[in-house]
Amino acid sequence: DTSHGRILYLEDVRVSFDGFKAINGLNLDIAPGELRCIIGPNGAGKTTMMDIITGKTRPDSGTVFFGSTIDLLRYKEPEIAALGIGRKFQKPTVFEELTVFENLELALATHKGVWPSMTFGLNGEQKDRLAEVLQTIHLKDSVRRRSGDLSHGQKQWLEIGMLLMQEPKLLLLDEPVAGMTDEETARTAELFLSLKGKHSLMVVEHDMSFIRAISEKVTVLCDGAVLAEGTLDQVQADERVIEVYLGR
Ligand code: ADP
């Protein structure tokens, strides 16, 4: 029985928009604690796949399981978030007028339905988690800074921190290092490696050196299905992958 060995399982998933097969027989299996990178040309179906996992788009057919028992197709988008699937879009969406601390606190509040400091203050466990998240996202020394004054990279880390405050089991991230400096990209690789094992991650990315730094397994999507899967070296040497990147 391999069902215990997976956090996410997709089988023969299909969705069409006006007859166009955006996802066309997609199979995917992600192990707990794994960091999976997803690559593929524009229009391959990467965004649609994440929309299906998070409940934003309903597939026409197929199976989508979270862990071995939770049939995600039975849940709506907010319920899926509450089950522990966090998603980060490409553009950071932190509250610029609030401090780093307040943004993290707000993330906790929207998760739990209360604003802790306005009621009783953070409890011990919440304080510990906030301190741990600040350490992870490299913003320990910026707690009281206005978020709008952070660099682009720091805003991206803060948004990852906001997701972490909600203790997700699976994180879906869309091009997390787009627009970052080389130094920010290197620190983001560090950040992701520190999350691996504790969380499962699915990262859609184009930056191959970043992918090389963080991931042992890469899935190549094309025409709404998996074209190749393996280490970055393996998929980059695959004739079919070379063809879709260069030959079209
Ligand atoms: P990627 O993220 O890999 O670039 P997408 O998932 O955004 O690919 O898109 C896959 C294909 O499905 C594209 O050809 C896109 O135009 C099409 N598509 C995605 N969403 C819709 C939609 N809501 N309506 C019509 N076509 C869509």
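Author: Let's start with a cut-off: a residue is buried if 20 or more other C-beta atoms lie within 10 Å of its own, exposed if 12 or fewer, and partly exposed in between. Keep in mind that this is a predicted model.

Reader: Why is Ser142 called partly exposed?

Author: Ser142 has 19 other C-beta atoms within 10 Å. Being buried takes 20 or more and being exposed takes 12 or fewer, so a count in between is called partly exposed. As for where Ser142 sits, that's the loop between helix H5 (124-136) and helix H6 (152-164).

Reader: What makes Val100 a contact of Ser142?

Author: The cut-off for a contact is C-beta atoms within 7 Å. Leaving aside neighbours within four places in sequence, Ser142 has Val100, Leu150 and Gln154 as its contacts. As for Glu105, 37 residues away along the chain, its C-alpha atom is separated from that of Ser142 by 14 Å.

Reader: How do you know that strand S8 is mostly covered?

Author: Just go through its residues, 200-204: 5 of 5 are buried. On one side you have Ser200, Met202 and Val204, and on the other Leu201 and Val203, so both faces are covered, given the cut-off of 20 or more C-beta atoms. That fits a general pattern: in a regular strand the side chains alternate between the two faces of the sheet.

Reader: What makes S3 and S7 partners of S8?

Author: Pairing takes at least two bridges. Strand S3 (residues 35-39) has 4 bridges to S8, and strand S7 (residues 170-174) has 5, so both count as paired. Each of these pairings is parallel. Cys37 is bridged to Val203 of S8, while Asp174 is bridged to Val204.

Reader: Why is the chain called as compact as a globular protein of its length?

Author: The chain has 10 helices and 10 strands. Its radius of gyration is 19 Å, and the globule rule gives 18 Å for 248 residues; the two are close, so the chain is as compact as a globular protein of that length. Of those 248 residues, 38% count as buried.

Reader: Which element supplies the largest share of the shell around the ligand?

Author: That's H1, with 3 residues. Strand S2 (20-30) and helix H1 (46-53) each supply at least two. By class, the shell has 4 nonpolar, 6 polar and 1 charged residues. Among the residues around the ligand are Phe17, Asn42, Lys46 and Thr47.

Reader: And how confident is the predictor, as mean pLDDT of the chain?

Author: The mean is 92, and 94% of residues reach 70 or more. The model also scores ipTM 0.96 and pTM 0.92.

Definitions and conventions: Residues numbered from 1 in each chain as written. Predicted model: local features only at pLDDT ≥ 70, side-chain atom pairs only at ≥ 80, totals over all residues. Contact = placed C-beta atoms within 7 Å. pLDDT = per-residue confidence, 0-100. Near = placed C-beta within 6 Å. Nonpolar A, V, L, I, M, F, W, Y, C, P; charged D, E, K, R; others polar. Rg over C-alpha atoms; globule rule 2.2 N^0.38 Å.
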